[in-house]
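Please read these notes with the model open beside you. They go through the ligand site and then the interior.

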Amino acid sequence: MGTGPDRGQPSDSVEWSRVRRYEDVDYSRTDDGIAKITICRPQVHNAFRPQTLIEISDALTHAREDPSIGVIILTGEGGRAFCSGGDQRVRGDTGYLTEPDRPDAVGRFHVTDLQVQIRRLPKPVVAMVAGYAIGGGHVLQIVCDLTVAADNAVLGQVGPRVGSFDGGFGAGLLADIVGTRKAKEIWFLCRQYGAQQALEMGLVNTVVPLADLERETVAWCREMLRLSPMALRLMKASFHAAEDGLAGIQQLAHDTNLLFYASDEAREGRESFKAKREPDFSRFPRRS
Ligand code: S0N
């Protein structure tokens with residue numbers, strides 16, 4: 001069993017300007033194109049309720065559509081937790097509830113859509129993990145592309161202990177990362193793993209002192225900002241083409257369409273249609 005994260009705050013060495021303050025979430029950015037989406041519910045170790053997930057989704061959509069944003073960080077407020085998963089206080093018998101006080105309220109798993117959104121988002125998403133990443137919070141760090149963890153990080157699944165489970169990315173992607181044996185151990189024993197153990201399993205990319213977490217995460221993001229955005233996009237889609245089945249292949253295929261649209265060959269198809277003439281593809285090579 002890992003030990004609980006120490007108290008502390010990640011250092012605030014980077015200049016952020018706020019894009020939007022939601023009820024549960026802060027959305028900020030740097031001048032050079034890094035978005036930071038922070039779950040701000042430290043009183044419950046940043047557990048998410050439906051509202052939290054709706055707000056993260058909105059901020060992710062904004063960051064996706066903003067061409068000046070190249071990389072997105074997902075994190076939790078304070079140094080004690082990234083996210084402790086679904087808020088057990090609004091968990092009903094039909095899922096998580098937006099209006100828990102209404103007797104006829106029907107719930108669902110908003111996090112399902114958010115996990116897919118992160119996987120499909122054509123920009124790298126980096127989890128910046130201090131303290132607990134537990135349950136659905138741990139699955140969130142799994143679906144991010146990279147994870148920079150503080151030395152106080154504590155990771156694990158709790159489903160079978162609290163009467164739930166995530167057999168989607170929470171099982172399959174975890175098994176891809178750490179191997180099926182280890183993934184079964186994580187789910188079947190519900191242990192907590194410290195940062196160093198997580199690094200040895202390949203669950204996180206690097207471990208840094210808590211005080212350096214933000215600076216180091218931003219340094220990783222800036223390395224990616226210097227690279228070709230389209231190459232990064234296609235690499236992300238390529239990894240997921242294998243992992244996500246037809247949905248992953250679809251993303252990669254449509255991404256290549258983006259490039260094809262800019263070719264003379266594709267333009268000929270469009271322009272001939274608009275001019276109401278037969279297309280002439282004869283000048284385009286049938287490449288070997
Ligand atoms: C994180 C833990 C281990 C930290 O323990 P520690 O340090 O002893 O702190 P606590 O005193 O326990 O916590 C401090 C305060 O925070 C509250 N709190 C913590 N976590 C939650 C939470 N998840 N929901 C609501 N409140 C939480 C504590 O109650 C405490 O508040 P006070 O002081 O007021 O009592 C430890 O806290 C812990 O084990 N937490 C619970 C972890 C948990 O149960 N997470 C939920 C697991 N389930 C999911 O994440 C759902 C996943 C999901 O949505 C899903 C999606 C698709 C398919 C399936 C699923 C599925 O259902 O799994």
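**Notes on the ligand site and the cores**

1. The shell around the ligand has 9 nonpolar, 10 polar and 2 charged residues. Here Ala, Val, Leu, Ile, Met, Phe, Trp, Tyr, Cys and Pro count as nonpolar, Asp, Glu, Lys and Arg as charged, and the others, Gly among them, as polar.

2. This is a predicted model: local features need pLDDT of at least 70, side-chain atom pairs count only at pLDDT 80 or more, and totals for chains, interfaces and linings use all residues. Residues are numbered from 1 along each chain as its sequence is written, and side-chain values use heavy atoms, with hydrogens and water left out.

3. Of the 21 residues around the ligand (a heavy atom within 4 Å of it), Ser84, Gly86, Gln88, Gly136 and Phe165 come nearest.

4. Polar contacts are pairs of N or O atoms within 3.5 Å. A backbone N or O atom of Gly86 lies 2.8 Å from a ligand oxygen. For Gln88, a polar side-chain atom lies 2.8 Å from an oxygen atom of the ligand.

5. The largest nonpolar core has 47 residues, and Ile37, Ile56, Ile72 and Leu140 have the most contacts inside it. Such a core is a set of buried Ala, Val, Leu, Ile, Met, Phe, Trp, Tyr and Cys residues joined through side-chain atoms within 4.5 Å; buried means under 20% relative accessible area (1.4 Å probe, protein chains only). A second, separate core of 16 residues includes Ile73 and Met128.

6. Why is helix H3 largely enclosed by the rest of the structure? Of its 8 residues (136-143), 7 are buried. Leu140 and His138 are among them. Helices are DSSP runs (H or I, at least four residues), numbered from the N terminus.

Definitions and conventions
A polar contact is a pair of N or O atoms within 3.5 Å; within protein, one must be able to donate a hydrogen and the other to accept it, and residues adjacent in sequence count only if both atoms are side-chain atoms. Buried means under 20% relative accessible area, exposed over 50%, partly exposed in between (1.4 Å probe, protein chains only). Helices (H or I, at least four residues) and strands (E, at least two) are DSSP runs, numbered from the N terminus.
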